[in-house]
Structure formats: C-alpha cells, structure tokens
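Let's practise reading a protein model together. Have the sequence and the 3D view ready, and try each task before you look at the solution.

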Amino acid sequence: MTASGCRLPTIASGQVEKYLCVGNWDDRAKVVMRYAVRADGTLETGVVFHDMTNAAGAEASDGSPHPPPSPGKAGGGDVRPFPHLRWRKVGMGATMNRSEEITMHRIRSSILLIVALALCAFANAVCARALVLDSFALTVSDLDRSAAFYEKALDFRKVSERTVADRNYDYVTGVFGTRVRSATLRLGEETIQLEQFVSPAGRPIPVDSRSNDLWFQHFAVVVADMERAHERLRQLGVQSISSAPQTIPESNRAAAGIKAWKFRDPDGHPLELLWFPSDKGNAKWQRAGDRLFLGIDHSAITVSDTERSTVFYRDLIGLAVLGGGINSGPTQEQLDNAFGAVVRITGLRPERPEGPGLEFLQYLTPGGGRPAPADARLNDLAATRVVIEVDDLRALVDKLQRHGVAFVSPDVVTVEAHPFRHYLSVKDPDGHAVVLVQR
C-alpha cells in the first residue's frame, strides 16, 4: 500500500474530518479511515476499502463524501459509515466541543493500529506475498558438462534429475514442443536448476556480454576462504571476468571488507564468489566448518531503472527493499572489468529472511548497456531466472494483469511430478524471466 495520490491530513486539536484517506491499495482502491461520534459522545470507527473505479466524487446531501455505489466490489455501496448515527458536518479548522476533542484524540491514537489490523484482516484475500526465493534456474547447452562443472568446481551436489516432455511445461516456459533434461543441484541450503532444452535448443549467450547489458544475471556463491576458492577455479581454467579477487574498501561502509570475484561457467553464465568478514552478511556464513563453498547469498540482475524495477519486485511481487548504495572506483572497475563503473545497488529479500536475496545493479556508467532481445525465450542460454514461491498465485496473477506485466505463461499452469504444483512465468520490466510458484 502506498500513500501516492492520497492526502493524509495533519489532525490538530480543534480539527476534524469525517473521512481520512490513509493510502492507495492500488490504482483502483483507497483505504479510508471512517469514524462517527454517537449522540452520547462515544466513538465508533472502522476502515473501508473503497473501490474508486466508478467514483465521481459526489457529495451526500449533508456534505460528506459519498461516491456512487459500486455493487459487487469490496467497499462498494454506500460508503458513508454508520448511517443510523447522528452526523454533524464539521470542516477542517472548525472549533470542536470537548467531546469531539476527546474523540479526535482517540482517533489520533488508534488510526494506525486500526488500519494495520484492517490490512492484516484483508491481506489473504487482497494480496499475495513472496515467501522465499526458492532457487535459480539456468538454461545450459549440455546438462552433463554443466552438472560436472558445478559439482567439481563449486562443490554442488546433484540431488535429482529428470526428463520433461509435458505440454503443460511448454506453457510454463513459453517454448512449445520441448524436451527438457533438468537437474537439481544443492549447495548448503540453496538449490539451482540446470535445464537443457534438448529440443528446441535456444541461442548461446553473446560472447561480448558485459555486466551492464540488461540480460546480465548472476548468483553469488559464498566461500569460507577467497584465496583457496579462487586458486581452485584458476587451476581448473575457469574464464575470469574480474582481474583478481577484490576487497571492498573502507570508504564503502556497508560493504567494507567483503571480498568478491566474478567469473563464467562453461556456457558463459556469469557467477560471483563472495567472502564475508565476521561483521557482514548472514550469520550462517560464519559457520563454515570444513566446507570451502557454503551456499548462495543472492542473485544480481542488471536493471535500467531502479525505481521501475522496485515497483515490480516490491509492490507487485512482494519483496522487501533492505537498502542500497553506490559502488564505484578502481575496485568496482576491476570487479566488473568495466572502465569507469559506477553502479547503483539495491538489495531485496522475501518474507523468509533466511533464504537468498535479490540485488539490482543499475550501471550509471559506463553507458551503452544493451536491452534484452525482444524475442528472447527461456530456452536461450542467457535466460537465467529466479524462482519465487508465493502464497497465493491466483491473486498475484490478477494483480500482475491489472498492471500490464508481460506474461510468458498464458495463465497459472499445473504441472505434475514437479517440486511445485502451480507455475507462472513472467518478465520483469527489463525482460528478466521470473518463475512464480505455489505448492
């Protein structure tokens, strides 16, 4: 819920309004605080979800806001609260009697609590929540080669493999007549999905891909010892993006001391190694034991407009923004292999904080980052995607449709013999694929 386009009046002693607009639920509805003073001076309050679709802003005969009824909609009909009670028109700035001053004091004390309770009561019916970033899916050209790389180089463990030739799965991916070999690999508590489209095969990742191209997406693997992990990958001949492991300088307080190094897998997917000092990152990264590679901290995607992507992932999907900052200077240049790199970074997390997060990378410089091809499909090797578990996929579909989100799947698809029962693939504002799932 946002307060965009909705005035929240400052209520001072001696001032009163009978309807208090608290915020916009979406572009069609407002959350309105309503109250009434009974003849005996006692207070009655409530909250209405007022549908604005047909609102003409008409006033009732007594001067109170009284939009026309909207039958069949939440909050429709006569939205004037408590019509059986005595109403007295009191404008902003009018003098209240003592009873009304007491009433307004109660309103000031309770309005936020009432609205919060109302939102909680209606939450399951009105909105869907992102529960966890379940996994990250990569399209690969050779499943056996990719699985062997992740197992040998990064200590992932294969937990399952299957071949999918299912018309319903075609609807999930938006690619028809598919035969897909799929493997689930685990590292610590996190998983990735490797999918080889045996038919039809997609396009390779462009050999000149750069970090500021809008199809760029990597996931970050946390290590217990950056030097040992880097040396192992160097000996395996892994293609490097960064010149060497980089340590974030003290000038960047939020990330100072973190070590990072970027590289590519056999298909050219970008990946990152991260090492956290004791005062940074999730506490579980400090419980390494004898393991070198620990798990996945987050996936990072390059975006063209942080605010626009925030609307999609926070306001529509339901992730929470944790914070952000600007990374620049020689360290960022060497990490990204990009001269003059200045990157606006924003971190997000789902409801369950123990899982991986999502990170926006908006490259302020260098310019020239290329958009994702308009005809990109999920069988293309660049189509890395985040799999997000939500609690009410049907409600989320309705919300995404109202906001004009690009659908890959025509609707919610039920797929048997898969980790989840219900699937929907969509694209974010920059063309990154997102797979929404529900058990």
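Below are five exercises, each with a worked solution.

This is a predicted model, in which local features need pLDDT of at least 70 and side-chain atom pairs count only at pLDDT 80 or more, while totals for chains, interfaces and linings use all residues. Residues are numbered from 1 along each chain as its sequence is written, and side-chain values use heavy atoms, with hydrogens and water left out.

**Exercise 1. Salt bridges**

Task: Find the salt-bridge partner of arginine 232, and say which parts of the chain the pair ties together.

Solution:
- Step 1: Start with the term. A salt bridge is a side-chain nitrogen of Lys or Arg within 4 Å of a carboxyl oxygen of Asp or Glu.
- Step 2: The structure holds 25 salt bridges. In one of them, arginine 232 pairs with aspartate 155, at 2.8 Å from N to O.
- Step 3: Place the two residues. Arginine 232 sits in helix α4 (residues 226–235) and aspartate 155 in the loop between α2 (143–154) and β5 (157–164), so the bridge ties together parts that are 77 residues apart in sequence. Helices (H or I, at least four residues) and strands (E, at least two) are DSSP runs, numbered from the N terminus.
- Step 4: Check the accessibility. Buried means under 20% relative accessible area, exposed over 50%, and partly exposed in between, with a 1.4 Å probe and protein chains only. Arginine 232, at 26%, is partly exposed, and so is aspartate 155, at 34%.

**Exercise 2. Buried or exposed?**

Task: For the salt bridge between arginine 439 and glutamate 389, decide whether each partner is buried or exposed.

Solution:
- Step 1: Look at the pair. The side chains of arginine 439 and glutamate 389 meet at 3.3 Å, N to O.
- Step 2: Arginine 439 lies in the segment after β21 (433–438) and glutamate 389 in strand β17 (residues 385–390), so parts that are 50 residues apart in sequence are tied together.
- Step 3: Arginine 439 has a relative accessible area of 59% and is exposed, whereas glutamate 389 has 5% and is buried.
- Step 4: Salt bridges can also share partners: Asp144, Lys158, Glu161 and Arg181 are joined into one network in this way.

**Exercise 3. The surroundings of a serine**

Task: Describe where serine 209 lies and what its side chain reaches.

Solution:
- Step 1: Serine 209 is in the loop between β7 (190–199) and β8 (217–223). Its relative accessibility is 11%, which counts as buried.
- Step 2: The side chain of serine 209 reaches the backbone oxygen of proline 206 at 2.9 Å.
- Step 3: Leaving out residues up to four places away in sequence, serine 209 touches Trp215, Arg264 and Arg370. Contact here means heavy atoms within 4.5 Å.

**Exercise 4. Enclosed space**

Task: How many cavities of 30 Å³ or more does the structure hold, and what lines them?

Solution:
- Step 1: On a 1 Å grid over the protein atoms alone, a cavity is a set of points where a 1.4 Å probe fits but cannot get out; lining residues have an atom within 4 Å of a point. Volume is the space filled by probe spheres set on the points.
- Step 2: There are 2 cavities of 30 Å³ or more.
- Step 3: The largest cavity holds about 200 Å³. Its lining has 19 residues, and Tyr169, Gln193, Glu195, Val387 and Tyr423 lie nearest its centre.
- Step 4: The second largest cavity has a volume of about 80 Å³. Among the residues that line the second largest cavity are Ser209, Trp215 and Arg264, and serine 209 also touches Trp215 and Arg264.

**Exercise 5. A helix and its ends**

Task: Which residues of helix α5 (residues 306–317) are buried, and what is found at its start and just after it?

Solution:
- Step 1: The buried residues of α5 are Thr306, Ser309, Thr310, Phe312, Tyr313, Leu316 and Ile317.
- Step 2: Keep the helix geometry in mind. An α-helix has 3.6 residues a turn, so residues three or four places apart point the same way.
- Step 3: At the start of α5, a side-chain oxygen of aspartate 305 comes to within 3.0 Å of the backbone nitrogen of glutamate 307.
- Step 4: Just after α5, glycine 318 takes a positive phi of about 105°.

Key: A polar contact is a pair of N or O atoms within 3.5 Å; within protein, one must be able to donate a hydrogen and the other to accept it, and residues adjacent in sequence count only if both atoms are side-chain atoms. On a 1 Å grid over the protein atoms alone, a cavity is a set of points where a 1.4 Å probe fits but cannot get out, and a pocket is an open set with protein on both sides within 12 Å along at least five of seven lines; lining residues have an atom within 4 Å of a point.
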